[in-house]
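Biologist: Please take me slowly through one small part of this model, keeping to a pair of side chains and their surroundings, and explain each term as you go.

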Amino acid sequence: MMMATRPTTTTFAFGSSTATKQPISSLISFRNHHQIKTTSTTRSSSVSAISPRPQEQKKEAAVKEITSSCGRRDAITNFGVYLAAATLFSQSHNSQAAELASTVDYTVTPSGLGYYDKVIGVGPQPTKGQLIKAHYVGKLENGKVFDSSYNRGKPLSFRVGVGEVIKGWDQGILGGDGIPPMLPGGKRSLKLPSDLAYGMRGAGCKGGTNCIIPPNSTLLFDVEFIGKA
């Protein structure tokens, strides 16, 4: 970790329905047999037109089942396509980030630290032991982000130059070894060799193998120096 472990925060800057058939009411009065037969036939036809026959109901139920099944299959298929697209986007994003990092024209110092100033700040430079604030994004060489103070919505506060953060941070912000100090408002990209970062031990390891920052990793940081804390 770049920063000594604190009780509250861990950072790596140091991250059918069937229609009911109603019974036909019996006729109370009638004139002749023909009238009864005609009336009964008419009403029976009327009821049949309103209420589906059992065979038609089965057909409708089968159609609904097929439609529902197709809908579920489409939903599953569409979700699978979404996941595949999201994975491809993530891989593409990491690839683009790694490619962009490789094109940055770092100035490399004798210690192996590389730096590139995006924005030159103004104001007083930091002094050793001074409490300062900085925002940052930390990435592996493949472009994968492992920590970001921006995502937490709060800059990192630490005393610069006294070992509260990894060596590459102290050197990259305070200056030295041919590196100019950062000034308030400045934004700088840093490329830290593993011996100025977490070295052979890595960081965020579980069981000694599954590490957020693998051993001997070169790290990339975008640092925004805010100023005194």
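Modeller: What follows is a close look at Leu192 and Gln171. This is a predicted model, in which local features need pLDDT of at least 70 and side-chain atom pairs count only at pLDDT 80 or more, while totals for chains, interfaces and linings use all residues. Residues are numbered from 1 along each chain as its sequence is written, and side-chain values use heavy atoms, with hydrogens and water left out.

Leu192 lies in strand β6, which covers residues 187–192, whereas Gln171 sits in helix α4, made of residues 167–174 (both are DSSP runs numbered from the N terminus, a helix being H or I over at least four residues and a strand E over at least two). Leu192 has a relative accessible area of 0%, so it is buried (under 20% with a 1.4 Å probe, counting protein chains only), and Gln171, at 13%, counts as buried as well.

Leaving aside residues up to four places away in sequence, Leu192 is in contact (heavy atoms within 4.5 Å) with residues including Leu113, Ile166, Gly168, Trp169 and Phe221. Between the C-alpha atoms of Leu192 and Lys167, which stand 25 residues apart along the chain, the separation is 9.0 Å.

Gln171, with that same exclusion along the sequence, touches Thr109, Ser111, Leu113, Gly176, Asp177, Ile179 and Leu196, so that Leu113 appears among the neighbours of both Leu192 and Gln171. With Asp177, the side chain of Gln171 also makes a polar contact of 3.3 Å (a pair of N or O atoms within 3.5 Å; within protein, one must be able to donate a hydrogen and the other to accept it, and residues adjacent in sequence count only if both atoms are side-chain atoms).

Conventions. Buried means under 20% relative accessible area, exposed over 50%, partly exposed in between (1.4 Å probe, protein chains only).
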